[in-house]
Amino acid sequence: MTQTNTFDPQGWTPERLGSLMGKTYLITGANSGAGFQATRTLLSKGAKVIMLNRNTQKSILAITNLKQEFGDKAEVSFISMDLAILDSVREAATQVLDTTKQIDALICNGAIAQVAKQEITQDGFESQLGVNHFGHFLLCGMLFDRIETSQGRIVVVGSNAYKMGLKKIQFNDLNFDQKYTAWDSYAQSKLAQMMFAYQLQDRIKAAGKNTKVFVCHPGASRTNLLMDTASTFNKVLWSLLSRIIAQSAQKGAWPEVMCATQDGLAQKRLYGPTKRADTVGPVGECSLDNVALNQDMANQLWALSEEKTALTWSF
Ligand SMILES: NC(=O)c1ccc[n+]([C@@H]2O[C@H](COP(=O)([O-])OP(=O)(O)OC[C@H]3O[C@@H](n4cnc5c(N)ncnc54)[C@H](OP(=O)(O)O)[C@@H]3O)[C@@H](O)[C@H]2O)c1
């Protein structure tokens, strides 16, 4: 698909945001990077933000910092959730449903990337596929009805990596047992997330439901991604390269905030920075490689994801 200019030359910026008082946003992995910056922007407009984070200490620190910036009355809290553990996702989703009547958007932001050596989650998944795709698939499925009654949105944070790597879901060796590479397995996980999102758009339409699903990516942004998981070589390389080619985490958060709030966005689109091969620059509509829209692969992935997470969507 070709790229079009959705906004004026400077692209979407948070200056377009009006008051978000009364709105509630859920963000996964919001302790750092784009998720933390998205939280800041949403709080600055009066929204309530519930972070779904795996690390309690970091979450307490993040909330302390946010309250220092926005005052004690800032409505920011966290629910403990490890996307790598399906039971943890189930518990967190149950807690959300017990405590949160309105979900204006669920932002699926949390991720791990470029995991140096193959790791398998306790549920038996290659770690990036487990955290980035299966964890979010389950979370979205469990919260969908609440989002639907809220007339809300789901925002899936993808990556340009979806069109790199093997450009497919490797159904015959999902965990890369035969030949693991950090890059191919990360690329597969981001492709899976995006395929899920576009497939969900179709299913919502066919079922006559109203929830909007949008897909975005932060381009190349200076965040903590890679810092825990990547090989030493990739960490050093990225810490040097990112000073030259990447943008701030704050700008990296703009696409997800836009997708959570902006009216008039379209389906089957990818939003993010639009310059230098969609890595930095004005936020708008990026080119979308057809691999993310492959129906056969998406149907197979959906069935597999339902089986692996023991969650059957109601539509
Ligand atoms: N930075 C880039 O250049 C870039 C490029 C393309 C796409 N992206 C995407 O942008 C999104 C945000 O990443 P980022 O760059 O902001 O990286 P980041 O700073 O590392 O943020 C990722 C967040 O995900 C959380 N997380 C990791 N594993 C988790 C788990 N098992 N359960 C719950 N939370 C978990 C991390 O929590 P902890 O604080 O506990 O580690 C962290 O808060 C990701 O979806 C990533 O794939 C980033």
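Colleague: Where along the chain does Lys 268 sit?

Modeller: Quick setup first: this is a predicted model in which local features need pLDDT of at least 70 and side-chain atom pairs count only at pLDDT 80 or more, while totals for chains, interfaces and linings use all residues. Residues are numbered from 1 along each chain as its sequence is written, and side-chain values use heavy atoms, with hydrogens and water left out. Helices (H or I, at least four residues) and strands (E, at least two) are DSSP runs, numbered from the N terminus. With those labels, Lys 268 belongs to the loop between helix H7 (249-261) and strand E9 (270-275).

Colleague: What phi does Lys 268 have?

Modeller: Most residues other than glycine have a negative phi. Lys 268 is not a glycine, yet its phi is positive, at about 55°.

Colleague: And Ala 310, in the segment after H8, is that residue buried or exposed?

Modeller: Ala 310 also has a positive phi, near 55°, without being a glycine. As for the cut-offs, buried is under 20% relative accessible area, exposed is over 50%, and partly exposed is in between (1.4 Å probe, protein chains only). Ala 310 has a relative accessible area of 67%, so the label is exposed.

Colleague: Which helix gives the most to the lining of the largest cavity?

Modeller: On a 1 Å grid over the protein atoms alone, a cavity is a set of points where a 1.4 Å probe fits but cannot get out, a pocket is an open set with protein on both sides within 12 Å along at least five of seven lines, and lining residues have an atom within 4 Å of a point. The lining of the largest cavity includes Gln 199, Asp 202, Lys 268 and Gln 295. Both H5 and H8 supply at least two lining residues. The top contributor, with four residues, is H5.

Colleague: What's the volume of that largest cavity?

Modeller: Grid points are joined across faces, edges and corners, and a volume is the space filled by probe spheres set on the points. By this rule there are two cavities of 30 Å³ or more. The largest cavity comes out at about 50 Å³.

Colleague: What volume does the second largest pocket have?

Modeller: Lys 268 turns up in this lining too, along with residues including Asp 202, Lys 205 and Val 213. H5 gives the most, with four residues, and E6 also supplies at least two. The volume is about 160 Å³.

Colleague: Gln 199 is in helix H5; which residues is Gln 199 in contact with, neighbours within four places aside?

Modeller: Gln 199 has 5% relative accessibility, so it counts as buried. Contact here means heavy atoms within 4.5 Å. Leaving out neighbours within four places in sequence, the partners are Gln 295, Ala 298, Asn 299 and Trp 302.

Colleague: How are Phe 137 and Trp 302 arranged as a ring pair?

Modeller: Rings of Phe, Tyr and Trp (its six-membered ring) pair if their centres lie within 6.5 Å; planes under 30 degrees apart are stacked, over 60 edge-to-face, and the rest tilted. The whole structure holds 12 aromatic pairs. For Phe 137 and Trp 302, the centres are 5.3 Å apart and the planes at 80°, so the pair is edge-to-face.

Colleague: How many residues apart are Phe 137 and Trp 302?

Modeller: Phe 137 is buried at 1% relative accessible area, and Trp 302 is buried at 2%. The pair links distant parts of the chain, with Phe 137 in helix H4 and Trp 302 in helix H8, and the separation in residues is 165.

Colleague: Which charged residue sits over the ring of Trp 302?

Modeller: The criterion is NZ of Lys or CZ of Arg within 6 Å of the ring centre and within 35 degrees of the ring normal. The charged end, 4.1 Å from the centre of the Trp 302 ring, comes from Arg 203.

Colleague: Which helix gives the most to the largest nonpolar core?

Modeller: A nonpolar core is a set of buried Ala, Val, Leu, Ile, Met, Phe, Trp, Tyr and Cys residues joined through side-chain atoms within 4.5 Å. The largest has 58 residues, and those with the most contacts inside it are Leu 106, Leu 143, Ile 154, Leu 200 and Trp 313. Elements supplying at least two residues each include strand E4 (105-108), helix H4 (127-149) and helix H5 (182-206). The biggest share, 10 residues, comes from H4.
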